[in-house]
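Please find below my notes on this model, arranged as numbered points, beginning with the ligand site and moving on to the nonpolar cores.

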Amino acid sequence: MKILVPIKRVVDFNVKVRVKPDGTGVDTANVKMSMNPFDEIAVEEAVRLKEKGVATEIVAVSCGIAACQETLRTALALGADRATLVETDVELQPLAVAKLLQAIVAQEQPGLVILGKQAIDDDANQTGQMLAALLGWPQATFASKVDVGDGRATVKREVDGGLETVEVKLPAVVTTDLRLNEPRYATLPNIMKAKKKPLATTTPATLGVDVTPRLVTLKVTEPAKRKGGGKVADVKELVAKLRTEAKVIA
Ligand code: AMP
């Protein structure tokens, strides 16, 4: 079975992002970019399924600017067999990405698509769900455990107050949650080997997908500065402050 792993290049999670002075977005000039952390988890899960003999091939795909090739090379170093870049300078929104992935799925015919539950830059949490809808495939989102066998995937999902187990028929779309696994680090020999793995490039036009943005960002602002905390002498003072200052109790 072939597994398709979509990967997004995002601002590294350690970077403290700065909003552009004109409020049109986030400043990405000279900022470290990395693979979206949930996508690292998706690659790791695909690699584990291959190590178990469940998957036969892992194809990584990224949609975006030419620099996404670096991110795809990281996926190849982590264990993907080959990669495809859908290259465009247009700012891609989840629906456009889902349509591009739908076209790649039509070409590749994977048995499973594993992608991150959300990208840490736009926090949209939409692409996997939209892709499943476009394909008419079952979806299991926020996976914290995945077992594949007999043409089915059994997925544990973290829900409020516990775990839910769902079973989906393959082909299906699965999105990863934080606790699914701990991704490995790419070793130097694997980074060297990844340079020789195949990386194909295509474009939205070749795939016949219109990626024109449909949403307009009106304004991006910094979060409000947090006020410092204070110390209270005793419970009586705490209760009084909660009542008169915070007004959270009557
Ligand atoms: P989002 O819906 O934007 O929160 O993203 C959810 C997941 O969709 C990400 O974790 C990626 O696996 C995938 N994804 C989003 N954008 C892209 C992209 N430009 N290229 C490839 N995969 C993407």
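1. For the classes used here, Ala, Val, Leu, Ile, Met, Phe, Trp, Tyr, Cys and Pro count as nonpolar, Asp, Glu, Lys and Arg as charged, and the others, Gly among them, as polar. On that basis, the shell around the ligand holds eight nonpolar, seven polar and three charged residues; please keep in mind that the model is predicted.

2. The ligand is surrounded by 18 residues, of which D39, C63, A119, N125 and T127 are the closest. Among the elements, strand 4 (57-64) and strand 6 (112-116) each contribute at least two residues to this shell, and strand 4 gives the most, with three residues.

3. Oxygen atoms of the ligand pair with polar atoms of the protein as follows: a polar backbone atom of A119 is 2.7 Å from a ligand oxygen, a backbone N or O atom of N125 lies 2.8 Å from one, and a polar side-chain atom of N36 lies 2.9 Å from one. Of the 480 Å² of accessible area that the ligand has on its own, the protein covers 98%.

4. Turning to the interior, the largest nonpolar core has 37 residues, and I3, V5, V43 and L112 touch the most other members. Helix 1 (residues 37-51) supplies the largest share of this core, seven residues. Apart from this core lies another, of 23 residues, including V86, A103, V113 and W137.

5. I3 deserves a separate entry: leaving aside residues up to four places away in sequence, I3 touches A46, L49, A55, E57, I58, V59, P110, L112 and I114.

Notes. Residues numbered from 1 in each chain as written. Predicted model: local features only at pLDDT ≥ 70, side-chain atom pairs only at ≥ 80, totals over all residues. Heavy atoms only, no water. Near = heavy atom within 4 Å. Polar contact = N/O pair within 3.5 Å; in protein donor to acceptor, adjacent residues only side chain to side chain. Areas by Shrake-Rupley, 256 points an atom, 1.4 Å probe, with all protein chains shown as cover. Helix = DSSP H or I, 4+ residues; strand = E, 2+ residues; numbered from the N terminus. Core = buried A, V, L, I, M, F, W, Y, C linked by side-chain atoms within 4.5 Å. Buried < 20%, exposed > 50% of the residue type's maximum accessible area, 1.4 Å probe, protein only. Contact = heavy atoms within 4.5 Å.
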